[in-house]
Amino acid sequence: MIRSLYIRVVLTFLVSVIAGTIISFFMSTWIFEDKLNQNAQINLRNFGQDIVQIYKTLPLREADSFVSGMKQLDSYHIRIYETTGQFQSYGKLNGHKSATVTKEQLKKVLDGGVVQDTPNGIATVLLGLPIKTEMGTKAMFLETLAPPSASFVVKWASIFAICSLIVGSLLILVASIFLVRPIKKLTKATKRIAAGDFNVKLNIKQTSELGTLARSFEEMMHDLQQLEQMRREFVANVSHEVQSPITSISGYAQALKQVNLADDERSRYLDIIIAEAKRMSKMSDSLLKLSMLESQSQQQRLVTLSLDEQIRRVIVALQPQWSARNIHFELDLQTVKVMADHDQLNQVWTNILSNGIKFSKDGGVINVAIKQDIKNVTVRISDTGIGISLEDQKRIFERFFKADRSHSRKHDGSGMGLAIVKQIVSLHQGDIRVESEPGQGTTFIVTLPITTPTVS
C-alpha cells in the first residue's frame, strides 16, 4: 500500500505538471496570437511604406539595388509584379513556402488598392501595396517569414516546460519520501499495537494534517493502553472476587463430609456456604446491571419525580442498617422535581447512603442536602466515616475497587456500587464527585439537570 501511495503521488504530480504545461502553452498561444498578428502587421506595413517611399524618391534602378541590400530581408520576402504578371523577388525564403498571390489581389494592387492577408496563420502576413515609378505602377507584395520573436517564444517556452518537468519530478520524488515516511511509521505502529505492544514512539513533529493524524493516533494508542490495563485489572479482580467465595464454599463443603461433625458446627458451615453463594449472586447481579447500563440495552423510563421525597424513602428503607448503629440523619431537602428514571436514581441514593452508613462510626451523623439553581440540582451526602485518601479518590468509581482495603473483609461489598452510581449519573447527563480526607469523613456531590436528559 505504501508503494502504491508513493507511485500514486509521483504519477499525480507528473500528470498534473504535463497537463498543466500543455494547457498553459495552448492558452498562452491563443491569448497572444492576435497580439502577435497585430504587431507583425504593423511592422510589415511600416516596412512596406518605407519601400514605397524609396521607389518614389529614387530612380528605379537605384531603388532596386537599395532594396536588394536591405538587412530586413532576413525577416521579410518581397515580390514586385509588373502589369504582365512577371515579378522580381528580393530576399531568401530559407525553406519557407511563398504565399500565393491571386489574380484578383494583383489587379487590386495595380489599380491602387491595398491587400492585407494572413494565409498561413500567425507565421505569415501578406501585404500588397502599389508602387509608382517612372516606368508606371507596379504591385509590391511583402510577406513575413517565421517571426524571430514568435519562434524564440515557442523555443523558450518549450525549454522552460521541459526543465520545469525534470526539476519538478526530482523535487516531488524527494518530497514524496518525506510524505510517505510518517505513514510508514503509522503502519508499523499499527502492526505493533495489533500484536499487543503499546510502547510505540512515533516522533512525528509535523504540524500538517499528517502531524494531526499522528497525534490522534498517539491519543488512541494511549486510550487503548488504558483499556487493555483496565481489561487485565478487571479479569484479575473478577478472578479474585470469585475465587474467594469458591474457596470458602469448597472448604466448608469438604468439612461437612466429616461424619462426627457437631450439629451446631454443621449449621455454621452451611450458613457460611449460603452467605458466600449470596455474595457471588450479588456480584453477578451487579456485573449484569453495570453491563446493561454501559451498553444502554435497557431503555430509560423517564418520569417526573420529587427528588427530596425519593431520598426520604430511601433513608426510611435503610433504617434497619443505621438505627442498629445509632446513626442519625440531618436533612436539608429543598423541594425539587426532576425528569429521571425512578429506579436508577433510587439505586444511586441507596448505594451512596449504604456506603455512608457502612463506613461511619457508631453514633455518627450523615448530612443530606439538596440545592437547586436555574439549570441543575445538587445533592450533597456527607458522612463522618473513615474517609478516603486522595490517591484512592481517583479510582473509587472503578469496578471492584475498594478504598478501605483493611476493612474489605469486615464490610460486605464487591466494589461495584460506585461504578454503577457513576454510570447512572452519566446516563442522566449529570456529574458526581467526591471530597474526603482520611479520618474526616466523605462527601459525595451529585449534580443532575432539571430538564429532560437527551437520549444518546
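Visitor: What is the relative accessible area of K184?
Guide: This is a predicted model, where local features need pLDDT of at least 70, side-chain atom pairs count only at pLDDT 80 or more, and totals for chains, interfaces and linings use all residues. Residues are numbered from 1 along each chain as its sequence is written, and side-chain values use heavy atoms, leaving out hydrogens and water. K184 sits in helix α4, residues 148–194 (helices, H or I, at least four residues, and strands, E, at least two, are DSSP runs numbered from the N terminus). K184 is partly exposed (buried is under 20% relative accessible area, exposed over 50%, partly exposed in between, with a 1.4 Å probe and protein chains only), and its value is 44%.

Visitor: Does L171 count as buried or exposed?
Guide: L171 belongs to helix α4 too. Its relative accessibility is 57%, so L171 counts as exposed.

Visitor: Why is α11 described as largely enclosed by the rest of the structure?
Guide: Helix α11 covers residues 417–427. Among its buried residues are L418, I420, V421, I424 and L427. The helix is called largely enclosed because the buried share of its 11 residues is 8.

Visitor: Nice. Which residue takes a positive phi just after α11?
Guide: Look in the loop between α11 and β11. Most residues other than glycine have a negative phi. Here a residue other than glycine has a phi near 60 degrees; it is partly exposed at 43%, and it is Q429.

Visitor: And where does N326 lie?
Guide: N326 is not a glycine, yet its phi is positive, about 60 degrees. Its relative accessible area of 46% makes it partly exposed. N326 is in the loop between α8 (319–323) and β7 (328–333).

Visitor: Which side chains of β11 point to the buried face?
Guide: In a regular strand the side chains alternate between the two faces of the sheet. Strand β11, residues 431–436, follows that alternation: D431, R433 and E435 point to the face that is not buried. Those on the other, buried face are I432, V434 and S436.

Visitor: What is the bridge partner of E435 in β12?
Guide: β11 pairs with β12 (residues 442–449) in the antiparallel sense, over 6 bridges (pairing needs at least two DSSP bridges between the strands). The two strands make a hairpin with 5 residues between them, and G439 in its turn has a positive phi of about 80 degrees. Within this pairing, E435 is partnered by T443.

Visitor: How far apart are the closest N and O atoms in the salt bridge of R433 with E435?
Guide: A salt bridge is a side-chain nitrogen of Lys or Arg within 4 Å of a carboxyl oxygen of Asp or Glu. Both partners are partly exposed, R433 at 41% and E435 at 36%. Through shared partners, salt bridges join R380, R433 and E435 into one network. Between R433 and E435 the closest N and O atoms are separated by 3.0 Å.

Visitor: Which residue does K371 meet in a salt bridge?
Guide: The N to O distance is 3.2 Å, and the partner of K371 is D332. The pair links distant parts of the chain, 39 residues apart, with K371 in strand β9 (residues 365–372) and its partner in strand β7. K371 is partly exposed at 47%, and the partner, partly exposed at 40%, is D332.

Visitor: What separates R312 and D308 in helix α7?
Guide: R312 and D308 form a salt bridge whose closest N and O atoms are 3.1 Å apart. R312 is partly exposed at 33%, whereas D308 is buried at 5%. Because they are 4 residues apart in α7 (residues 307–317), the separation is about one helical turn.
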